[in-house]
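Q: Could you take me through one part of this model at close range? I would like to see how a helix sits among its neighbours, and what the charged side chains around such a helix are doing.

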Amino acid sequence: MSNAIGKVIASSPTLISVEIENLSIFEENKSYLQVGQHLKIADGNRSYVICTINNIKVINYDIESDLKVIIESQPIGKLIDNEFERGNNSLPVPTEPVYILHKNELEQIFKTSEDFNFPIGHLLQNENIEVKVNGDKLFGKHIAVVGSTGSGKSCTVAKILQSVVGIEDGCNKHLSEQKNSHIVMFDIHSEYAAAFTLQDNQNFTLNNLTIDNLKLPYWLMNSEELEALFIESNESNSHNQISIFKQAVILNKEKYNPDLTEITYDTPVYFNIKEVYYYIENMNREVISKLPNENCPKLADGTLVRERKDFYFEGIHEFVPPSTASATKASNGPFHGEFNRFISRLETKLSDKRLKFLIDPKKEDGTSYTTNDFEEIMKQFIGYINKSNVTIIDLSGIPFEVLSITVSLISRLIFDFCFHYSKIQQDKGLLNDIPILLVCEEAHNYIPREDSAEYRSSKKSLERIAKEGRKYGLSLMVVSQRPSEVSETIFAQCNNFISLRLTNHNDQSYIKNLMPENTEKLGDILPTLGQGECIIVGDSVVMPTIVKIRKPNPEPKSQSIRFNHEWQKPWKDVTFEEVIKRWRKDKELVHTI
């Protein structure tokens, strides 16, 4: 064993202070005594407390005499008979000797168990030591990946996911036998398709769903999603809008699905939204005949409407005029004229070509999707149409006003699939054998911390996955550059944190408070990390570790305007006609004019 470099002078559950014997010892071992590196402190004949260096300082500074160097460190576990264990049931007392934790000992720690079999990078302090994590605990639970713009967040996510599906240096390692991984990613800036697009001879199929080929018919929406799309909750008569809309939807579902019983507002079966619009328009125009033996809505041709569902789905009708004359006595219906704004909004949504993927998606033969096509719709999300390990849902072309609804609907469908498949497997005495990882890139855009009505549906769906998804084989990877603006419920359920450089003070504080295992002090280095460098803490890693993650190959397409290449070029004229033409087409715009 090497000689002691110092001794313990103060000890607590979160901080152990070490005094270095003299300045010459510190100089000799300076390369091992950097912030983020490790010490071992004697705690018995064959056991040591392992600590991470958090701070180094000099006290009693006097150039005429030897300097007094103090190292502040944080205990993270114990080394007993060369086996590393998390946590500490005892702490070293003052005067205990302190030693450098050398390379061979670090390698032994990171090879503690065969369960740690998923390579994620190498130690920042020693690139010769590969860091492997427990794949079961990393992907079987929820993961948070955070980092400011430019920290290497997109490359880190791409590299981890490439390792999962077997992409290495642009090659498909699983070329001979496809594995059973299923990754579904919400890509809000259209970055990640490039990271999973390989040469044709690599036989790797990417399932890239854009606004042009995404099929997400409205009738799959639940009540919250439908109301978020068609109803303004802040209008004074929104309760009446909800009531009549619900009535029309249920009746229309029953019309098109006569073989099904107990249909509810949330039952995912086909209904015709155009006919629902007709129904509400007729309710808005309705006039009730007050003549003897009639007392029901009456059309202009004299037809009595005994059952609204038999007439109101056919089209927009003309009614008899209101009258107080005894021969033609009639009065306005209970909702006459009340739904003018509601109807106008319905008309706008139904005619909005940007919402075609929701309102009027078509099959290859040009027909509409119906209840019998549910299986085909589900297959597109988890790769079973083209047998793909990775499905990217490109949200860059989704109109902003339906972003939350789109995320909510897809997330909920995937959760429901995992739930029901798990139950089927349990009935057979088997486990869920279709693991799915749902990656939420730029999560603060659709699962924000604030409780706003426009994000309520996506927050509810994803928070449910965070709370219950693991039981049914569904895990989350939550990625954000502004973690302090993401739903607290989501991050509270994450067991593993991969934290890259964070420059915002609120984000730093928020992540440090979320870090497990008393690793807040390690979080102090968050603003100083380089690109691709990160702190990994959680169940999946042997101990809290600072890791350098290699760049992926191929890389995601993160575009930035570069000063030398764009700002310093000669003046460039722009063809505004072309830009405005594309703007008016408005097919891929997130925000409307």
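A: Happy to. One term first: a residue is called buried under 20% relative accessible area, exposed over 50%, and partly exposed in between. K30 shows how that works: its relative accessible area is 34%, so K30 is partly exposed. Please keep in mind that this is a predicted model.

Let's settle on helix α7, residues 273–285. With 13 residues at 1.5 Å a residue, α7 should span 18 Å, and the 19 Å between its end C-alpha atoms agrees with that. At the start of the helix, N272 brings a side-chain oxygen to within 2.9 Å of the backbone nitrogen of K274.

Now for the surroundings. Most of α7 is covered, with 10 of its 13 residues buried. Among them are the hydrophobic-looking names you might look for, I273, V276, I280 and M283, but also E275, E281, N282 and N284. Y277 and Y279 complete the list. The neighbours that these buried residues pack against are α5 (223–230), α6 (238–256) and α8 (340–351).

Just past the helix, follow the chain to E286, whose side chain meets that of R308 in a salt bridge, 2.7 Å from N to O. E286 lies in the loop between α7 and β15 (287–289), while R308 lies in the loop between β15 and β16 (330–332), so the pair ties together parts that are 22 residues apart in sequence. The two partners differ in their surroundings: E286 is buried, with a relative accessible area of 0%, whereas R308, at 28%, counts as partly exposed.

For comparison, have a look at helix α14, residues 505–514. Its N-terminal end is capped by N504, which has a side-chain oxygen 2.9 Å from the backbone nitrogen of N506. D507, Q508, Y510, I511 and K512 are buried in α14, and the buried residues of this helix pack against β10 (142–146), α13 (488–492) and β20 (494–499). K512 also forms a salt bridge with D524, at 2.8 Å from N to O. Since K512 is in α14 and D524 is in the loop between α14 and β21 (533–538), this pair ties together parts that are 12 residues apart in sequence. D524 is partly exposed, with a relative accessible area of 42%.Back at K30, its salt-bridge partner is E27, the closest N and O atoms being 2.9 Å apart. E27 is itself partly exposed, at 42% relative accessibility.

Methods. Residues are numbered from 1 along each chain as its sequence is written. This is a predicted model: local features need pLDDT of at least 70, side-chain atom pairs count only at pLDDT 80 or more; totals for chains, interfaces and linings use all residues. Side-chain values use heavy atoms; hydrogens and water are left out. Helices (H or I, at least four residues) and strands (E, at least two) are DSSP runs, numbered from the N terminus. The expected span of a helix is 1.5 Å times one less than its number of residues. Buried means under 20% relative accessible area, exposed over 50%, partly exposed in between (1.4 Å probe, protein chains only). Contact means heavy atoms within 4.5 Å. A polar contact is a pair of N or O atoms within 3.5 Å; within protein, one must be able to donate a hydrogen and the other to accept it, and residues adjacent in sequence count only if both atoms are side-chain atoms. A salt bridge is a side-chain nitrogen of Lys or Arg within 4 Å of a carboxyl oxygen of Asp or Glu.
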